[in-house]
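Me: I would like to learn how to read a structure feature by feature. Could you take me through this one?

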Amino acid sequence: MKKLFVSVAATALIGMASSAMAEECGTVTVAEMNWASAGAIAQIDKIILENGYGCTVELVSGDTMPTFTSMNEKGEPDMAPELWINAVREPLDKAVAEGSLIIGGEILNEGGVEGFWVPTYLAEEHNIYTVKDALAHPELFPGAEDESKGAFFSCPAGWNCRITTGNLFRAFGFDKGGFELVDPGSAAGLDGALAKANERKEGWLGYYWAPTAILGKYDMTLLDFEVPHDKEEWDTCTVIEDCPEPKPNSWVKSEVFTVVTDDFANKAGPAMDYIKGRTWDNRTAGKVLAWMTDNQAANEDGAYYFLENFEDVWTQWVSPEVAEKVKAAL
């Protein structure tokens, strides 16, 4: 009877602790952005915050500018799990200085990455790790209409990166170095060319970005531009259509952080430590996105796939006690 009483009492205390945690954290509104990596992390947050910290999470649709504006002016939603802050840096810095918004963890610890890529098997076999290395070997990159030239795949018409890539193509001398700039026609065309080359173990060179599903599926190497980002050159030439004399330049890393309101930070308790500490690299995010694409999976499915298959990653974000709660919920 004594043991039974102790057990019942312990269960009651655990229940009271859970209730207290739930009351402390309360209801949290989380922006589920309209691109895959952000959608998946929002669903991951929902599962962990609800099961590990006793929060009640409501997901709301979001996009970079509308979500930031709403958080900045209205204090809602409570959290943007994946905010690309380069687009809102000045007003975000002001809001942080005023204390109305709080920057959490760097959710993409490598940032959003743009640049020129080659398949890793090609990079390793031919020692191609810089733009100059690729420029020296047009024969390794088939796909141009003129078979005597190497193919350099650009962005489809209508994408801003088409202008940037075209200028950098000329700036680094690809136009005079035996290469032809290839318009893939569409996003599907760009993906198809990259996938075809990898499946056939052929050469491929062109623009892409991370994290993305296709770079989660295929091992690609980002080439080193060997020049720093020159903002003045970028703004006055690199991004200008048909700039007459473009100079070598490089993309600046897109910084991607979680941003929360001060109201959430004040009530979140231990959950705020989770928000500050969770992070993943582009390869991990890409693998989850690739699985989602291959299985036509929703963001919630991607979240469960991640939690079930990348335990070594997410258990580093939380305490052992929270990890056990989340595992039990799975």
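Me: Leaving out residues up to four places away in sequence, which residues does T130 touch?

Reply: Happy to start there, with a word on the model. This is a predicted model, in which local features need pLDDT of at least 70 and side-chain atom pairs count only at pLDDT 80 or more, while totals for chains, interfaces and linings use all residues. Residues are numbered from 1 along each chain as its sequence is written, and side-chain values use heavy atoms, with hydrogens and water left out. Now to contact, which means heavy atoms within 4.5 Å. By that rule, T130 touches L223, D224 and E226.

Me: Where does T130 sit, and is T130 buried or exposed?

Reply: Helices (H or I, at least four residues) and strands (E, at least two) are DSSP runs, numbered from the N terminus. T130 falls in the loop between α5 (120-126) and α6 (131-135). For burial, buried means under 20% relative accessible area, exposed over 50%, and partly exposed in between, with a 1.4 Å probe and protein chains only. T130 has 12% relative accessibility, so T130 counts as buried.

Me: Let's try another loop. Which residues are in contact with P138, leaving aside neighbours within four places in sequence?

Reply: P138 is in the loop between α6 and β6. The contacts of P138 beyond those neighbours are G150, G177, G178 and F179. You can also follow a C-alpha distance here: P138 and E202 are 64 residues apart along the chain, and 13 Å separate their C-alpha atoms.

Me: How do strands β6 and β7 run relative to each other, parallel or antiparallel?

Reply: Two strands pair if DSSP finds at least two bridges between them. Strand β6 (residues 150-153) and strand β7 (residues 179-182) run parallel and are joined by four bridges. Within this pair, A151 of the one strand faces E180 in β7. Between the two strands the chain passes through helix α7 (residues 160-171), and this β-α-β crossover is right-handed. A crossover is given that hand if, with the strands pointing away from the viewer, the path from the first strand over the helix to the second runs clockwise.

Me: And what does strand β3 pair with?

Reply: Strand β3 is joined by four bridges to strand β10 (residues 254-261), and the two run antiparallel. M79 stands opposite V260 in β10. In general, the side chains of a regular strand alternate between the two faces of the sheet. Here, five of the six residues of β3 (residues 79-84) are buried, so the strand is largely enclosed by the rest of the structure.

Me: How many disulfides does the structure hold?

Reply: A disulfide is a covalent bond between the sulfur atoms of two cysteines; the criterion used is a pair of cysteine sulfur atoms within 2.5 Å. The structure holds three disulfides. With bonded cysteines counted along the chain, the pattern is 1-2, 3-4, 5-6.

Me: Which parts does the pair of C25 and C55 tie together?

Reply: The sulfur atoms of C25 and C55 are 1.9 Å apart, and the link is right-handed, with 95° about the S-S bond. C25 lies in helix α1 (residues 2-25) and C55 in the loop between α2 (36-53) and β2 (56-62), so the disulfide ties together parts that are 30 residues apart in sequence. C25 counts as buried at 1% relative accessibility, and C55 does at 5%.

Me: What hand do the disulfides of C155 and C161 and of C237 and C243 have?

Reply: C155 and C161 are joined at an S to S distance of 2.2 Å. Their torsion about the S-S bond is about -125°, so this disulfide is left-handed. C237 and C243 are joined at 1.9 Å, and their torsion is about -110°, so that link is left-handed.

Me: How is the protein divided into domains?

Reply: Domain bounds come from an automatic or database domain assignment. The division gives domain 1 (27-111 + 255-329) and domain 2 (113-236). Their centres, taken over C-alpha atoms, are 31 Å apart. The contact takes 14 residues from domain 1 and eight residues from domain 2.

Me: What area is buried between domain 1 and domain 2?

Reply: Buried area is the accessible area (1.4 Å probe) that two parts lose on being put together, summed over both. Between domain 1 and domain 2 this is about 760 Å², of which carbon and sulfur atoms give 63%.
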